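Good morning, and thank you for making the time. Please have the sequence and the structure open in front of you, and I will then talk you through the arrangement one part after another.

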Number of protein chains: 2
Amino acid sequence: MTDTRERFIDAATRAFAERGFYGTSIANIAESLPFTKQALLHHFGSKEKLYAEVLARISERLMANLKDAGESTSDSGERFEIVFLAILKASLEHSDDTRLLMRELLDNKRRAESARTWYLTAFLDTLTDLARDALGDEEPACSLALVYQLLGAINYFVVSTATLTQMLGTKTFDDLSAAYEQELRSLITSRLAVANGR
Amino acid sequence: MTDTRERFIDAATRAFAERGFYGTSIANIAESLPFTKQALLHHFGSKEKLYAEVLARISERLMANLKDAGESTSDSGERFEIVFLAILKASLEHSDDTRLLMRELLDNKRRAESARTWYLTAFLDTLTDLARDALGDEEPACSLALVYQLLGAINYFVVSTATLTQMLGTKTFDDLSAAYEQELRSLITSRLAVANGR
DNA sequence: TACGATACTTACCAAATGGTAAGTCGTCAA
DNA sequence: TTGACGACTTACCATTTGGTAAGTATCGTA
């Protein structure tokens with residue numbers, strides 16, 4: 001059944017997120033399920049192809065989530081804020097996806113043949129349009145810069161949660177975690193207020 | 001001579017930044033220099049120990065840079081801005097360091113025994129103090145959140161430069177790159193203005 | 001001149017890696 | 001009943017991995 005495939009993809013997502021492409025062996029993935037690594041090879045042909053399928057799944061989730069949040073309110077500033085808060089929430093929820101994409105970004109130069117820009121291009125275009133509306137378009141590159149800075153603020157935090165927890169202790173980390181959304185909101189509204197208000 | 005050690009550390013920094021710990025073999029590092037991998041093992045004992053030395057070097061550079069920028073002006077808001085712009089500049093200049101630290105953050109859970117929080121703790125503490133002054137201390141977690149968001153905005157961008165270049169083309173990328181510092185400045189001043197002005 | 005240490009090399013090696021070959025077993029259609 | 005097909009396994013295999021053993025060459029010092 002196709003169910004086995006799904007289980008492999010899920011397990012692979014977790015493994016690749018946790019240890020990276022090179023740190024993960026296909027035997028390792030298979031061992032986390034009641035199958036041998038040859039079952040994996042039977043379904044996907046090679047490690048690279050499995051990885052490609054994992055990336056495709058993540059990309060789907062990413063765009064689906066963006067679509068959901070995009071069609072919310074009328075006010076451009078408000079929509080901008082809502083979308084980024086949704087991204088923060090989703091990135092935290094699917095932290096495996098977030099970590100894996102960060103690794104992909106880092107490895108990109110190496111595995112550049114596949115040139116996985118697809119998911120980012122569509123994603124960034126959509127967000128940049130939102131930013132242009134919200135900022136009242138100062139300069140074109142300006143909107144993209146803001147978008148990228150906010151994405152960075154979100155992704156870096158998600159990727160750091162493990163380290164921060166063990167560094168700060170669970171209590172302080174929970175405080176930070178709670179403050180993070182609020183502070184992101186402040187950051188966005190401040191920036192938009194200055195852009196439009198003055 | 002100790003010069004060989006330095007060359008190994010430099011080459012290893014580049015290799016680990018480019019391909020990650022697991023994607024890099026010690027033979028690979030040695031081949032980029034006129035030595036065999038056993039020369040490397042002679043100097044460092046093991047791959048892990050070499051990696052530790054690489055991390056230590058990076059940590060030194062990081063703190064040195066922070067020290068330089070920290071003792072600038074008197075106004076707390078202005079100092080806050082100057083420090084983060086200095087971090088952006090340094091992170092771009094030492095992009096290998098930045099990429100490697102991002103990988104370290106991602107791998108942290110695995111190689112958690114060493115628990116490399118040292119470099120981050122001192123770094124974050126210093127910055128959080130600056131933020132507290134600049135913000136006029138709304139809540140304690142708030143300052144840390146802001147610091148982390150700005151670090152994220154910086155590091156995510158640096159880590160993405162390769163992907164963005166090939167995705168946008170060099171021209172658009174240069175525009176973005178130029179706008180990035182300006183936009184980061186706007187983001188910071190906006191946030192501080194709203195915090196203090198109102 | 002002999003001695004010891006440092007910097008390196010050539011030979012190895014066991015374990016793990018991604019992948020191939022050749023099956024077994026059950027199911028479903030002709 | 002047969003025969004093809006999909007799902008999965010056991011046997012292998014070449015290559016690469018990090019690391020050990022045992023050298024050689026050079027140099028400062030007693």
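Let me begin with a question about a single side chain: does R14(A) count as buried, exposed or partly exposed, and what is the reason? R14(A) counts as partly exposed because it has 17 C-beta neighbours inside 10 Å, where a residue is called buried if 20 or more other C-beta atoms lie within 10 Å of its own, exposed if 12 or fewer, and partly exposed in between, with C-beta atoms placed from the backbone. R14(A) belongs to helix α1 of chain A, and its C-alpha atom is separated by 16 Å from that of T161(A), a residue 147 positions away along the chain.

Before I go further, a word on the source: this is a predicted model, in which local features need pLDDT of at least 70 and side-chain atom pairs count only at pLDDT 80 or more, while totals for chains, interfaces and linings use all residues. Residues are numbered from 1 along each chain as its sequence is written, and chains are lettered from A and ligands numbered from 1 in the order in which they are written.

Now to the fold of one chain. Chain A has nine helices and zero strands, these being DSSP runs (H or I and at least four residues for a helix, E and at least two for a strand) numbered from the N terminus. Its C-alpha atoms fill a box of roughly 65 × 40 × 30 Å along the principal axes, and 40% of its 198 residues count as buried. If we take contacts in chain A with a separation of 6 or more, 62% of them join residues 24 or more positions apart, a contact being two residues whose C-beta atoms, placed from the backbone, lie within 7 Å.

One helix in this chain deserves a moment. Helix α5 of chain A, residues 76-93, has 18 residues and reaches 26 Å from its first C-alpha to its last, close to the 26 Å expected at 1.5 Å a residue, the expected span being 1.5 Å times one less than the number of residues. Its buried residues include F80(A), F84(A), I87(A) and L88(A).

How, then, are the two chains related? A rotation of 180° with 0.0 Å of shift along its axis superposes chain A on chain B, with an RMSD of 0.0 Å, the fit being by least squares on the C-alpha atoms of residues with pLDDT of at least 70 in both copies. That is the relation of a two-fold axis, and the same surface serves both copies, since 100% of the contact residues of chain A recur in chain B.

The contact itself takes 49 residues from chain A and 49 residues from chain B. On the side of chain A that touches chain B, α1, α6, α7, α8 and α9 each supply at least two residues, and the largest share, 19 residues, comes from α8(A). That side divides into 26 nonpolar, 13 polar and 10 charged residues, counting Ala, Val, Leu, Ile, Met, Phe, Trp, Tyr, Cys and Pro as nonpolar, Asp, Glu, Lys and Arg as charged, and the others, Gly among them, as polar.

Which residues have the most contacts inside the largest nonpolar core? They are A145(A) and A145(B), in a core of 108 residues, a core being a set of buried Ala, Val, Leu, Ile, Met, Phe, Trp, Tyr and Cys residues joined through C-beta atoms within 7 Å. Leaving aside neighbours within four places in sequence, A145(A) is in contact with L176(B), A179(B), Y180(B) and E183(B).

Staying with chain B, helix α6(B) is mostly covered, with 11 of its 13 residues buried, and what covers them includes α6 and α8 of chain A as well as α1, α4, α5 and α8 of chain B. T98(B) lies in this helix and counts as buried because it has 24 C-beta neighbours inside 10 Å. Beyond four places in sequence, T98(B) touches S91(B), N155(B), V158(B) and V159(B).

Finally, the DNA. Of the 15 residues around strand D, T36(A), Q38(A), A39(A), S25(B) and S46(B) come nearest, a residue being near a strand if its C-beta atom, placed from the backbone, lies within 6 Å of it. The elements giving two or more residues to that surface are α3 of chain A together with α2, α3 and α4 of chain B. Around strand C there are likewise 15 residues, of which S25(A), T4(B), T36(B), Q38(B) and A39(B) are the closest, and the surface near strand C divides into five nonpolar, eight polar and two charged residues.
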